[in-house]
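Colleague: Could you take me through one part of this model in detail, beginning with a single strand and following its surroundings outward to the pockets and the annotated positions?

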Amino acid sequence: MGSGPEKIKGSTSASSGKNVLRALVVDDSKFHRVLQTALLRFFKVETTAAENGKEAVDLFRSGSNFDIVLMDKEMPVMDGPEATRTLRSMGVDAKIVGITANASSESKAEFMEAGIDDFLLKPLTADNVASLLENMGKN
Amino acid sequence: MEVSRLQRRFFKIFGGVDGKGFLDAQFTELQHLQDENNPNFVSEVVSLFFEDSERLLNELSRTLDQQIVDFRKVDAHVHQLKGSSASIGAQRVKNVCLAFRSCCDENNLEGCLGCLQQVRQECYLVKNKLDALFRLEQQILAAGGAVPIMSKD
């Protein structure tokens, strides 16, 4: 075995050879999964959805790669902060954006400490998704 | 002529005198996400919202009916309802949820029960409003017209 966690890079290559962003939406609410998926697909982002943090971690463990993860905070089985910590300890370097309806600084701080790169409040809008994707493009 | 009349009715229900603040700009965001690849997106999301909200309202009712009320649990449910109502633009539902959360913070059972009744009523009203909008959409399309998309401004 190697000396540390395998670096798992987010992938930008689809089988067509085109550069396509791949996103993972993680939320226990089907309502929010459908909504966020539609927003991302509006911007031509290939999107997969998971119902909780454990499913998200399992997807990465099985070899799936994503450039961006929209991670809900409060979820059963495995919540957003725990899933984020787990993914970072696995060497996942995809951009993880914490999503919550709770605007408190404590909530944000907990999520940031877990290793997210950015933080958005629900409800997501086309404008804030566009800014997010634009910042990814610049980086 | 028929199409124009139906479209005027649509505007009236959506945001004019009849609107009375039931739906805010977030609903317009949803309309903008609907296209030929996803033609039923708005009605799908709205259906999911009402499924979710019914489940949450039943949970709230059960939780508030306990001998010893767990206000943290009540708050968690209201928090979810607030998030999803904001996401579809149901602003009156969202506003009641804000008041509801204040009552939870104060462990105010009577206040919570009042808010529960109010939020049920607001969900019922916005559902009726949306049902009327969707029926009108079908009539507009059947008459050969285009469904008005509201400006986001």
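Modeller: A residue is called buried here when its relative accessible area is under 20%, exposed when that value is over 50%, and partly exposed in between. This is a predicted model, and with those cut-offs in hand we can begin with strand β1 of chain A, residues 22-26, which is mostly covered, as four of its five residues are buried.

The strand has two pairing partners to consider in turn. With strand β2 of chain A, residues 46-50, β1(A) runs parallel and is joined by five bridges, and within this pairing A:Ala23 stands opposite A:Thr47. The path between these two strands leads through helix α1 of chain A, residues 30-42, and the resulting β-α-β crossover is right-handed. With strand β3 of chain A, residues 68-72, β1(A) again pairs in the parallel sense, here over four bridges, and the partner of A:Ala23 in β3(A) is A:Ile68. In a regular strand the side chains alternate between the two faces of the sheet.

Strand β3 of chain A also holds A:Asp72, the position at which UniProt, in an unreviewed entry, places the feature "modified residue: 4-aspartylphosphate". Because its relative accessible area is 5%, A:Asp72 counts as buried. The same kind of record gives the wider setting: an unreviewed UniProt entry assigns the annotation "domain: Response regulatory" to residues 22-137 of chain A. That span is 47% helix and 22% strand, and its end C-alpha atoms lie 13 Å apart. For chain B, the annotation "domain: HPt", likewise from an unreviewed UniProt entry, covers residues 38-133, a stretch that is 85% helix and 0% strand, with end C-alpha atoms 18 Å apart.

Helix α1(A), which carries the crossover from β1(A) to β2(A), leads on to the pockets. The largest pocket holds about 650 Å³ of space, and among its 28 lining residues those closest to the centre are A:Glu74, B:Ala76, B:His77, B:His79 and B:Gln80. The elements that give two or more residues to this lining are α1 of chain A and, from chain B, α3 (41-64) and α4 (71-88), with α4(B) supplying the largest share at nine residues. By residue class, the lining of the largest pocket divides into 13 charged, ten polar and five nonpolar residues.

The second largest pocket encloses about 310 Å³, and its lining draws on both chains, including A:Val34, A:Arg41, A:Phe42 and A:Lys44 from chain A as well as B:Leu33, B:Asp35, B:Phe41 and B:Glu44 from chain B. Here the elements giving two or more residues are α1 of chain A and α3 of chain B, and α1(A) gives the most, with five residues. The lining of this second largest pocket divides into five nonpolar, three polar and four charged residues.

One of these lining residues, A:Lys44, brings the description back towards the starting strand. A:Lys44 sits in the loop between α1 and β2 of chain A, and because its relative accessibility is 68%, A:Lys44 counts as exposed. A:Lys44 is 22 residues away from A:Arg22 in sequence, while their C-alpha atoms are 9.4 Å apart in space.

Technical notes:
Residues are numbered from 1 along each chain as its sequence is written. Chains are lettered from A and ligands numbered from 1 in the order in which they are written. This is a predicted model: local features need pLDDT of at least 70, side-chain atom pairs count only at pLDDT 80 or more; totals for chains, interfaces and linings use all residues. Side-chain values use heavy atoms; hydrogens and water are left out. Buried means under 20% relative accessible area, exposed over 50%, partly exposed in between (1.4 Å probe, protein chains only). Two strands pair if DSSP finds at least two bridges between them. A crossover is right-handed if, with the strands pointing away from the viewer, the path from the first strand over the helix to the second runs clockwise. On a 1 Å grid over the protein atoms alone, a cavity is a set of points where a 1.4 Å probe fits but cannot get out, and a pocket is an open set with protein on both sides within 12 Å along at least five of seven lines; lining residues have an atom within 4 Å of a point. Grid points are joined across faces, edges and corners, and a volume is the space filled by probe spheres set on the points. Ala, Val, Leu, Ile, Met, Phe, Trp, Tyr, Cys and Pro count as nonpolar, Asp, Glu, Lys and Arg as charged, and the others, Gly among them, as polar. UniProt positions are given in the numbering used here, feature names are shortened, and annotations may be inferred rather than shown by experiment.
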